[in-house]
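Trainee: I'd like to go through this model with you and ask how each label is earned. Can we put it up?

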Amino acid sequence: MTKTSKNFRNAEHADFFDQVYAVTKLIPPGRVTSYGAIAAFLGSPQAARTVGWAMNASHLQSGFIPAHRVVNRNGLLTGRHHFRYPTLMQELLESEGVIVVDDQVRDFNKLFWDPSKELI
DNA sequence: TAGCTGACGCCCT
DNA sequence: CAGGGCGCCAGCT
């Protein structure tokens, strides 16, 4: 009410962050998606950035949020510096069978999991 | 209180 | 083809 429209912040609708976390939890192991894809699924295509911000705070959540399965639209591990240590994101992905070369997910198009298409 | 700044992505020069 | 601007939501100064 000060600036941005926080009007959807009511009991019926969960916070944008909560919705982001809910979707992120649904990403199957060994698959990846993008910040933008999650934002688009939630109806705010331009809020991709905010999804990244949510991931930044994901470790504060009670449950486990597989933030490592969210990369940028080119399959780049842009968020790796925000893990406990920089290579952890890649290690987590590789533990699920995802190959990462030069901070880039191999076969990104094949492994891409689009909530807008998978979550019907 | 107002403004800045992100783990982004699209559009415009 | 590359570089810059802007929207989006939330938190920090």
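Trainee: What makes the pair between Met55 and DNA strand B a polar contact?
Mentor: A polar contact is a pair of N or O atoms within 3.5 Å; within protein, one must be able to donate a hydrogen and the other to accept it, and residues adjacent in sequence count only if both atoms are side-chain atoms. Here a polar backbone atom of Met55 sits 2.7 Å from a base nitrogen of DNA strand B, so the pair meets the 3.5 Å limit. Asn56 also uses a polar backbone atom, 2.8 Å from a base nitrogen of that strand. For Gly36 the partner is a phosphate oxygen of DNA strand B, 3.2 Å from a polar backbone atom.

Trainee: Before I go on, what sort of model is this, and how is it numbered?
Mentor: It's a predicted model, where local features need pLDDT of at least 70, side-chain atom pairs count only at pLDDT 80 or more, and totals for chains, interfaces and linings use all residues. Residues run from 1 along each chain as written, chains are lettered from A and ligands numbered from 1 in written order, and side-chain values use heavy atoms, without hydrogens or water.

Trainee: How do you know how far to trust chain A?
Mentor: From pLDDT, the predictor's confidence in each residue, from 0 to 100. Chain A has a mean of 89, and 89% of its residues reach 70 or more. Residues 1–12 are below 50, with six contacts (heavy atoms within 4.5 Å) beyond near neighbours in sequence. Where pLDDT is low, the predicted coordinates should not be read in detail.

Trainee: What makes a residue count as near DNA strand B?
Mentor: One of its heavy atoms must lie within 4 Å of the strand. That gives 17 residues, with Arg49, Met55, Asn56, Arg73 and Gly79 coming nearest. Of the strand's atoms within 4 Å of the protein, 46% are sugar and phosphate. Helix 3 provides the largest share of this surface, six residues. Helices here are DSSP runs (H or I, at least four residues), numbered from the N terminus.

Trainee: Which residues come nearest to DNA strand C?
Mentor: Eight residues surround it, and Phe17, Gln46, Arg49, Thr50 and Trp53 come nearest. Arg49 places a polar side-chain atom 2.7 Å from a base oxygen of DNA strand C. A backbone N or O atom of Gln46 is 2.8 Å from a base nitrogen of DNA strand C, while a polar side-chain atom of Thr50 is 3.1 Å from a sugar or linking oxygen of the strand. Helix 3 again has the largest share of the surface, three residues.

Trainee: Why is the space lined by Met55 and His82 called a pocket?
Mentor: Because on a 1 Å grid over the protein atoms alone, a pocket is an open set of points with protein on both sides within 12 Å along at least five of seven lines. The largest one holds about 530 Å³. Its lining has 24 residues, among them Met55, Ser58 and His82, and a lining residue has an atom within 4 Å of a point. Helix 3 gives the most, five residues.

Key
1 Å grid on protein atoms, 1.4 Å probe; cavity = no way out; pocket = protein on both sides within 12 Å on 5 of 7 lines; lining within 4 Å. Points joined across faces, edges and corners; volume = space filled by probe spheres on them. Helix = DSSP H or I, 4+ residues; strand = E, 2+ residues; numbered from the N terminus.
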